[in-house]
Amino acid sequence: MTVLLTVEDLTVVSTDAILRPTGLTLRAGRPLTILGQTGSGKSLLAQAIMGVLPDGLSAAGRVLLDGRDLLAMPMAERRALWGRTIGLLPQEPWLALDPTMRAGAQVAETHRLVAGLTAAEADAAARADLAHLGLADAFGKLPGELSGGMAQRVAFAAARAGRGRIVIADEPTKGLDADRRDDAVALLLREVEEGGGLLTITHDVAVARQLGGDVMVMREGEVVEQGPAEEVLRAPRSAYARDLLAAEPSSWPKLPPRPAGEPMLRARGLAKARGGKPLFDGLDLEIRAGEIVGVGGPSGCGKSTLGGLLLGLVAPDRGSVWRKPGIGRHRFQKLYQDPPAAFPPHGSLRQTLTDLVRLHRLDWSEVERLMDRLRLSPTLLDRRPREVSGGELQRLALLRVLLLDPVFLFADEPTSRLDLVTQQETVALLTGIARDRGCAVLLVSHDAGLLDRTADRRIALA
Ligand SMILES: Nc1ncnc2c1ncn2[C@@H]1O[C@H](COP(=O)(O)OP(=O)(O)OP(=O)(O)O)[C@@H](O)[C@H]1O
Ligand SMILES: [Mg+2]
């Protein structure tokens, strides 16, 4: 099999080593998938290969493509490879998309600039790509008007429009429902069938299984196991890979039931349309203290909009929402689907949390206690939101809302960026808080197994 890319002894360092010397070989037609712990260096490995490491981080080692070492190449030459030879689909689609440019135009731009199509050809190609991804409606929309799963697919279309031989996809299926996930996997596999190279980073073992090829498992900046997907996923040799596979939600114990507390929030006859399309109509819902209600439904069906309605951030077309009176508004909380939305981008995380603690007269020791329970290192606080991993930021966003001692929490895919072990710990923390403090939780997830194990009952949006 033709070798497309070889990585040898690649390291990433800031003040200390983040990625220990790592090697990999990407072959034409054989997918390579990285599974592993949140914060273990997966995204930085991908960024180091691409040459897009954030300021303050540096890479050493060799990244060989067609006999040349990319790390030794002048930046201008490296840039010329972006899209044309190697395309990266970054972990946060919002960061990959320009918020002021319509979805269709963003995809068309790559067709035009990178693949060299004329404006009309690029436009037609972008329409076809989006239609192929089930996104024909998204063509004229701005990124802010797309659901998380839709933005993910638009970013994919934009990254792929350059037709590079090698695709690096960082968690391309997070937040997608099972059907959409299968579609995304099929798209990735199409690259491979056409003789391309595919490096995928994922927390979803089902995705790793579907992709096949080889698997690498990472933990704390190191590769702990690698081999054919079929072997590693069926009979892992390392203790960490075994723990990871054992933490699939379908093998969790079921959360014991709890007597329902008093109603905290009630919705009656809610109706809401977006872009002329009704999302729901006549929706009734009541949620009581300590109760965990699961919300499922396909990508784009209005789950996040429901959260906005329940918190009074979005006005319904019809119907009403009652929240238990006499409780501060800040104790009805929403956990954003995309973690970067929870933090101002420029301040340090410490600054944001200090401001919050001061504003609500909280105790800083609670920050430290939660950091410990969420296994977050205190050193993260001195960085900005973009300088921590996706899964670290997701847990910091959870910490931020838990600090406010919520009585109601709309948790939108709160573990979509976590490895299975960390996901299990984080869900246990969340359900523990629901039960111990009587917080009512509306838990949105595409993972039916997870909802089955954690939710007292479930509602499905069509
Ligand atoms: N700009 C930065 N400066 C310093 N450290 C950073 C920076 N960006 C990331 N890190 C740290 O490097 C480590 C690896 O980050 P990386 O984003 O590669 O993790 P990851 O394996 O992709 O995790 P996740 O699964 O959560 O996305 C993390 O501990 C993170 O906090
Ligand atoms: Mg990552």
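## Magnesium site

Both Ser43 and Gln91 are buried. In this predicted model, these residues are the protein donors of the magnesium ion (ligand 2), Ser43 through OG and Gln91 through OE1, at 2.0 to 2.3 Å from the ion. The pair joins distant parts of the chain: Ser43 belongs to helix H1 (residues 42-50), whereas Gln91 sits in the loop between strand E6 (86-89) and H3, and 48 residues separate the two.

## Domain arrangement

The protein chain is divided into domain 1, spanning 3-245, and domain 2, spanning 251-460. To the contact between them, domain 1 brings 24 residues and domain 2 brings 22 residues. Taken over C-alpha atoms, the centres of domain 1 and domain 2 are 28 Å apart.

## Second largest pocket

Because domain 1 (3-245) and domain 2 (251-460) both give residues to its lining, the second largest pocket lies between them. This pocket holds about 1300 Å³ of space.

Its lining consists of 48 residues, and those nearest the centre of the pocket are Gly144, Glu145, Leu146, Ser147 and Gly148. By class, the lining residues comprise 17 nonpolar, 17 polar and 14 charged. Among the secondary structure elements, helix H3 (93-96), helix H6 (148-160), strand E12 (277-288) and helix H11 (303-310) each supply at least two residues of the lining. H6 provides the largest share, with 5 residues.

How values were computed. Residues are numbered from 1 along each chain as its sequence is written. Chains are lettered from A and ligands numbered from 1 in the order in which they are written. This is a predicted model: local features need pLDDT of at least 70, side-chain atom pairs count only at pLDDT 80 or more; totals for chains, interfaces and linings use all residues. Side-chain values use heavy atoms; hydrogens and water are left out. On a 1 Å grid over the protein atoms alone, a cavity is a set of points where a 1.4 Å probe fits but cannot get out, and a pocket is an open set with protein on both sides within 12 Å along at least five of seven lines; lining residues have an atom within 4 Å of a point. Grid points are joined across faces, edges and corners, and a volume is the space filled by probe spheres set on the points. Helices (H or I, at least four residues) and strands (E, at least two) are DSSP runs, numbered from the N terminus. Ala, Val, Leu, Ile, Met, Phe, Trp, Tyr, Cys and Pro count as nonpolar, Asp, Glu, Lys and Arg as charged, and the others, Gly among them, as polar. Domain bounds come from an automatic or database domain assignment. Donors are N, O and S atoms within 2.8 Å of the metal (3.2 Å for Na, K and Ca); water is not among the atoms, so sites may look incomplete. Buried means under 20% relative accessible area, exposed over 50%, partly exposed in between (1.4 Å probe, protein chains only). Contact means heavy atoms within 4.5 Å.
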